[in-house]
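Biologist: I should like to learn how strand pairing and a nonpolar core are read from a model. May we work through one together?

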Amino acid sequence: MSSENTQNYLLPHLQIENDERGVGTASGTFVVVPEYLNGMGVLHGGITAGLMDVICHRAAGCHLGTDKALGQRRWPVTLSLSLNFVGTASMGTLSLQAKTTGGGRKTCFCDGRIEDSDGNLIATAQGTFKLLEGRLRRY
């Protein structure tokens, strides 16, 4: 793949709505449509993993680290993401939340969770993110 091709073809399909961010936190909702269901009629695990990466990435981008006076967002790069598939989801709206749990100026740790509209837990995640200096692109 050419390094000139920087368009991310997955993100347009993972549209998180009601996007809210705070210091080290991110939340939003995602509407599950039939195209995201697997052969058993439940949300495909790959979509769940992608959503978890995106919401944790957004929380990591709001991590202040040890330089709280700077208050500058950084561009996070996923180093590791461990997922726990706890329940299943079908059609409807999912709630996504993530928060940073520690770290410093160059690395941070996040916890994420996805719940269905009834509050049933679908998945949890723990991630480690490298924080790069520079302008944060909003997607």
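Modeller: Certainly. Please bear in mind that this is a predicted model. Let us begin with one pair of residues: Ala 98 stands opposite Gly 112 in β5.

Biologist: How many bridges join β4 to β5, and do these strands run parallel or antiparallel?

Modeller: β4 and β5 run antiparallel, and eight bridges join them. The two strands form a hairpin, with three residues between them.

Biologist: Which residue in β6 stands opposite Ile 114?

Modeller: That residue is Ala 123. β5 pairs with β6 over nine bridges, again in the antiparallel sense. Five residues lie between the strands of the hairpin of β5 and β6, where Gly 119 takes a positive phi near 85 degrees.

Biologist: How should I then read the nonpolar core?

Modeller: The general idea is that nonpolar side chains tend to be buried together in soluble globular proteins. In this structure the largest nonpolar core has 27 residues, and those touching the most other members are Phe 30, Leu 51, Leu 94 and Leu 96. Two or more residues come from each of β2 (25–32), α1 (45–61), β4 (92–103), β5 (107–115) and β6 (121–132).

Biologist: Which element gives the most to this core?

Modeller: The helix α1 does, with eight residues.

Biologist: With which residues is Leu 96 in contact, leaving aside its neighbours within four places in sequence?

Modeller: The contacts of Leu 96 beyond those neighbours include Ile 16, Ala 26, Phe 30, Leu 51, Ile 55, Arg 113 and Ile 114. Among these, Phe 30 and Leu 51 were named above with Leu 96 as core residues that touch the most other members.

Technical notes. Residues numbered from 1 in each chain as written. Predicted model: local features only at pLDDT ≥ 70, side-chain atom pairs only at ≥ 80, totals over all residues. Heavy atoms only, no water. Core = buried A, V, L, I, M, F, W, Y, C linked by side-chain atoms within 4.5 Å. Buried < 20%, exposed > 50% of the residue type's maximum accessible area, 1.4 Å probe, protein only. Helix = DSSP H or I, 4+ residues; strand = E, 2+ residues; numbered from the N terminus. Contact = heavy atoms within 4.5 Å. Pairing = 2+ DSSP bridges.
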